[in-house]
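User: I'm new to this one. Could you show it to me and explain what the labels rest on?

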Amino acid sequence: MQDELRIRNLTAGDTDGFRACLDVAFHETTTDASLRRWWQLLDLDRTIVVLDGDTIVATSGAFPQRLSVPGGELASAGVTVVTVLPTHRRRGILTRMMARLFEQAAAAGEPLAGLWAAEGGIYGRFGYGVATQVATLELDGGSPPPPRSQGADFTLELLPLDGAGPLLDPLWERVRAQRAGVPARTEQWWSGNVLSDLEDEREGAHETRLVVARDAAGAAQGYALYRARDAEPATTVEVLELIAPDTEAEATLWGYFRQIDLVGRVKATGRPVDDPLKFRFDDFEAAHVADVNDALWLRLLDLPAAVAGRAWAAPLDLVLDVTDRRLPANAGSWRLEASAQGDGRCSPTDRAPDLALDVAALGAAYLGGVSPVRLADAGRIAELTPGALARLDVALHTPRAPWTPEDF
């Protein structure tokens with residue numbers, strides 16, 4: 001029975017039970033090294049376990065994050081390690097864990113929560129909507145580099161991973177200022193996750209390498225992390241992360257991968273869906289999109305704070321009829337206003353609604369990556385006043401697509 005289940009915070013004595021639960025739920029075998037790495041990253045005060053007797057049967061947690069949003073950033077709960085053993089389904093465990101997570105996020109002042117979903121059918125009922133997507137790009141190796149539009153002069157340097165976080169973080173922050181959906185990284189996240197290169201986590205690939213693009217003054221303007229993987233008929237280079245707020249540095253880094261000897265294919269995962277790479281080539285098919293996948297599922301926990309926390313692209317004044325079964329404080333009719341200067345606010349109103357939608361649809365549209373018109377076409381938004389969809393679409397617009405380059 002549900003009353004026999006206990007929820008509490010993760011403790012230092014839970015390592016074996018925690019690993020066993022994750023391994024069953026995710027169909028994997030977590031090594032000691034991987035477990036130690038994750039244990040150092042987890043916030044034990046924000047990670048919970050559910051016990052049936054002395055056995056851990058479910059887990060969930062959240063990383064306190066700062067997520068870039070249009071015009072700035074907001075505190076966000078980065079939801080992670082969500083599991084329920086198959087022996088304990090249909091007992092309300094996930095509902096209880098989500099309620100606990102929402103309470104902790106509210107106490108921490110986090111108006112947003114985000115996650116990467118292992119299964120798409122799980123989180124919509126808890127108010128999460130798919131707000132960002134990522135593309136996998138592929139191009140042939142051994143060809144001339146992409147042209148540079150300005151002919152800027154950059155040099156390339158291979159550096160060790162160890163201690164590189166302080167050099168790379170300013171570049172990451174500049175990209176966060178350009179695109180919504182990117183979480184900030186702590187020093188611990190750089191060293192313990194991004195630049196960690198455990199052999200048992202490479203899935204058979206060779207060691208991770210770091211290449212940095214420097215301008216004429218020697219300042220770093222972009223970097224890439226990549227691995228080589230043995231394949232037939234020639235080696236594949238896997239670009240794990242390519243970050244370059246300077247577009248010419250980005251072109252230089254792509255050129256680096258086009259000139260590595262003995263490479264048959266370059267495969268870059270986790271790229272923005274509006275990546276300009278294809279347009280760098282005279283041959284438009286030199287690079288192609290191999291796949292597009294859902295990335296960040298976003299949940300608005302505090303609607304007024306979320307509206308006030310982002311910049312709006314156009315003046316707006318309309319009423320949203322919002323449905324939120326999990327957080328009643330978000331539900332009801334809200335007057336959404338945005339000024340010509342980009343400031344936004346929402347307040348309860350008795351005025352007739354212009355649009356009706358649930359909080360998951362609002363989360364999907366919030367970063368500007370999913371058009372309200374598209375959501376309406378899918379039956380997720382009802383337009384009650386003609387023209388309201390178009391006005392909201394314009395106000396949510398961002399110059400670049402939102403992007404979440406890493407999962408958590």
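Analyst: **What the labels rest on**
This is a predicted model. Its protein chain has 10 helices and 19 strands.

User: What makes the protein chain as compact as a globular protein of that length?

Analyst: The radius of gyration is 23 Å, and the globule rule gives 22 Å for 408 residues; the two are close, so the chain is as compact as a globular protein of that length. Along the principal axes, the C-alpha atoms fill a box of roughly 65 × 55 × 35 Å. Buried residues make up 51% of the 408.

User: And what share of the contacts joins residues 24 or more positions apart?

Analyst: Counting contacts with a separation of 6 or more, 73% are between residues 24 or more positions apart.

User: Why is E110 called buried?

Analyst: Buried means under 20% relative accessible area. E110 has 6% relative accessibility, so it counts as buried. You'll find E110 in the loop between α3 (93-107) and β5 (112-116). Leaving aside neighbours within four places in sequence, E110 is in contact with several residues, including P64, A75, S76 and L301.

User: How do you know that E110 and R46 make a polar contact?

Analyst: Their side chains come to 2.8 Å, and the cut-off for a pair of N or O atoms is within 3.5 Å. So the pair passes on distance, and it is listed as a polar contact.

User: Is R271 buried or exposed?

Analyst: Buried: R271 has 3% relative accessibility, set against a limit of under 20%. R271 is in strand β12 (residues 263-272), and its side chain reaches the backbone oxygen of L242 at 2.8 Å. Beyond four places in sequence, R271 touches Q133, E250, W254 and W403, among others.

User: What makes G61 buried?

Analyst: Its relative accessible area is 2%, so G61 falls under the 20% limit. G61 belongs to strand β3. Among the residues G61 touches, not counting those up to four places away in sequence, are R46, G78, V81 and L101.

User: V81 turns up there. Why is V81 called buried too?

Analyst: V81 has a relative accessible area of 11%, and buried means under 20%. So V81 gets the label as well. V81 lies in strand β4 (residues 72-84) and has a positive phi of about 45° although it is not a glycine.

User: Why is H27 called exposed?

Analyst: Exposed means over 50%. H27 has a relative accessible area of 73%, so it earns that label. H27 sits in the loop between α1 and α2, and its phi is near 55°, a positive value in a residue other than glycine.

User: Which residues are buried in helix α5, and what do they pack against?

Analyst: In α5 (residues 187-194), the buried ones are W189, W190, G192, N193 and V194. They pack against α2 (32-41), β3 (55-69), α4 (165-178), β10 (220-229) and β11 (235-243).

User: What covers the buried residues of α2?

Analyst: The cover includes α1 (15-26), β3 and α5. The buried residues of α2 are S34, L35, R37, W39 and L41.

User: One last thing: which peptide bond is cis, going to P233?

Analyst: The bond from E232 to P233 is cis, with omega near 5°. P233 is in the loop between β10 and β11.

Notes
Residues are numbered from 1 along each chain as its sequence is written. This is a predicted model: local features need pLDDT of at least 70, side-chain atom pairs count only at pLDDT 80 or more; totals for chains, interfaces and linings use all residues. Side-chain values use heavy atoms; hydrogens and water are left out. Helices (H or I, at least four residues) and strands (E, at least two) are DSSP runs, numbered from the N terminus. The radius of gyration is taken over C-alpha atoms; the globule rule is 2.2 Å times the number of residues to the power 0.38. Buried means under 20% relative accessible area, exposed over 50%, partly exposed in between (1.4 Å probe, protein chains only). Contact means heavy atoms within 4.5 Å. A polar contact is a pair of N or O atoms within 3.5 Å; within protein, one must be able to donate a hydrogen and the other to accept it, and residues adjacent in sequence count only if both atoms are side-chain atoms.
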